[in-house]
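This report covers one protein chain, from its overall build to a single residue. The sequence and structure come before the details.

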Amino acid sequence: MTDPRPRGPIVEGWTPPSVPENLTFDGTHVRLEPLDADAHAALLFQEFDGHDAVWDYMPAGPFPSSSQFHRWMRDMTASPDYIFFAIYDKDREAYGGFASYLRVKPAAGSIEVGYIALAPHLQRTIAASEAMYLLMSWAFRAGYRRYEWKCDALNMPSRRAAQRLGLSYEGIFRQATVVKGRNRDTAWFAAIDADWPALDEAFRLWLDPSNFDAGGRQKSSLSDLTRLVRVSQDPALGRQT
């Protein structure tokens with residue numbers, strides 16, 4: 001008999017995960033460590049200086065001085081709403097950006113990655129992709145059921161990155177907010193725990209040294225490896241994700 005009041009299935013054997021605290025992730029190409037204004041602000045300001053486009057879709061920035069950037073970073077890292085990481089590029093031996101967990105909701109099993117800023121030298125590198133993999137991996141291993149990525153709907157590089165990483169497109173929230181005086185429609189992407197085993201395998205295959213030739217060129221693309229895992233594709237991107 002059909003249930004006249006259909007409801008979701010019981011979630012068996014699951015308990016709310018822990019809140020991420022004092023985490024450091026050490027990969028082959030990258031290290032993520034807790035972001036600290038005194039340790040990282042000046043170094044990151046040098047990497048971002050003159051590259052104002054990094055801040056186009058961010059709630060803050062660009063910053064005209066190192067001291068203002070330091071003050072902003074100090075205030076942001078003091079907020080309980082964000083868990084920021086500095087991204088150290090081992091291949092270049094330099095800090096190249098930061099990223100954050102946010103909207104962490106253990107009771108719902110949901111966590112978001114965002115506030116991602118990458119200096120030009122870190123963009124579109126193996127290190128950057130590995131950083132995103134490490135953040136996603138911890139979330140699912142810790143017991144989160146849903147891993148979210150949101151961005152300005154006009155931010156096509158971010159939308160491409162989300163799909164390349166294997167997150168499924170979930171739609172546009174129209175007029176979601178106002179950022180720097182401008183309207184922002186927000187594009188939503190997510191992966192769930194049922195997706196993770198296949199995504200984990202895709203990342204491991206892609207990151208394997210055998211997937212790169214002597215010049216560092218990939219043999220199989222990450223987007224090809226994750227494409228079959230995604231339950232939906234971003235229509236704005238076509239097949240080139």
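## Contacts and burial

Of the contacts between residues at least 6 apart in sequence, 63% link residues at least 24 apart. The model is predicted, and the figures here are computed from it. Buried residues make up 48% of the 241 residues of the protein.

## Elements and overall dimensions

The protein contains 6 helices and 8 strands. Read from the N terminus, the order of elements is β-β-α-α-β-β-β-α-β-α-β-β-α-α. The radius of gyration of the protein is 18 Å, close to the 18 Å expected from the globule rule for 241 residues, so the protein is as compact as a globular protein of that length.

Along the principal axes, the C-alpha atoms occupy a box of roughly 65 × 45 × 35 Å.

## Surface and charge

The protein has an accessible surface of about 13000 Å², and carbon and sulfur atoms account for 50% of this surface. On the charged side, there are 27 positive and 30 negative side chains. The centres of these two sets are 6 Å apart.

## The sheet

The 8 strands of the sheet are arranged in the order 1-2-3-4-5-6-8-7. The sheet is open, and its pairing is mixed. Strand 1 (25-26) and strand 7 (168-179) are the edge strands; each has a single partner strand, so one side of each has no neighbour in the sheet.

At the edge formed by strand 7, the partner is strand 8 (residues 182-192). These two strands run antiparallel and are joined by 8 bridges. Within this pairing, Val-178 lies opposite Asn-183 of strand 8.

## Thr-24, before strand 1

Thr-24 lies in the segment before strand 1, and strand 1 is itself an edge strand of the sheet. Is Thr-24 buried, partly exposed or exposed? Its relative accessibility is 48%, and because exposed means over 50% and buried means under 20%, Thr-24 counts as partly exposed.

Which residues does Thr-24 touch, leaving aside those up to four places away in sequence? The contacts of Thr-24 are Arg-31, Leu-32, Glu-33 and Pro-34. Ala-107 is 83 residues from Thr-24 along the chain, and the C-alpha atoms of the two residues are separated by 24 Å.

Terms used: Residues numbered from 1 in each chain as written. Predicted model: local features only at pLDDT ≥ 70, side-chain atom pairs only at ≥ 80, totals over all residues. Heavy atoms only, no water. Pairing = 2+ DSSP bridges. Helix = DSSP H or I, 4+ residues; strand = E, 2+ residues; numbered from the N terminus. Buried < 20%, exposed > 50% of the residue type's maximum accessible area, 1.4 Å probe, protein only. Contact = heavy atoms within 4.5 Å. Rg over C-alpha atoms; globule rule 2.2 N^0.38 Å. Areas by Shrake-Rupley, 256 points an atom, 1.4 Å probe, with all protein chains shown as cover. Lys, Arg positive; Asp, Glu negative; His and termini not counted. Charge placed at Lys NZ, Arg CZ, Asp CG, Glu CD.
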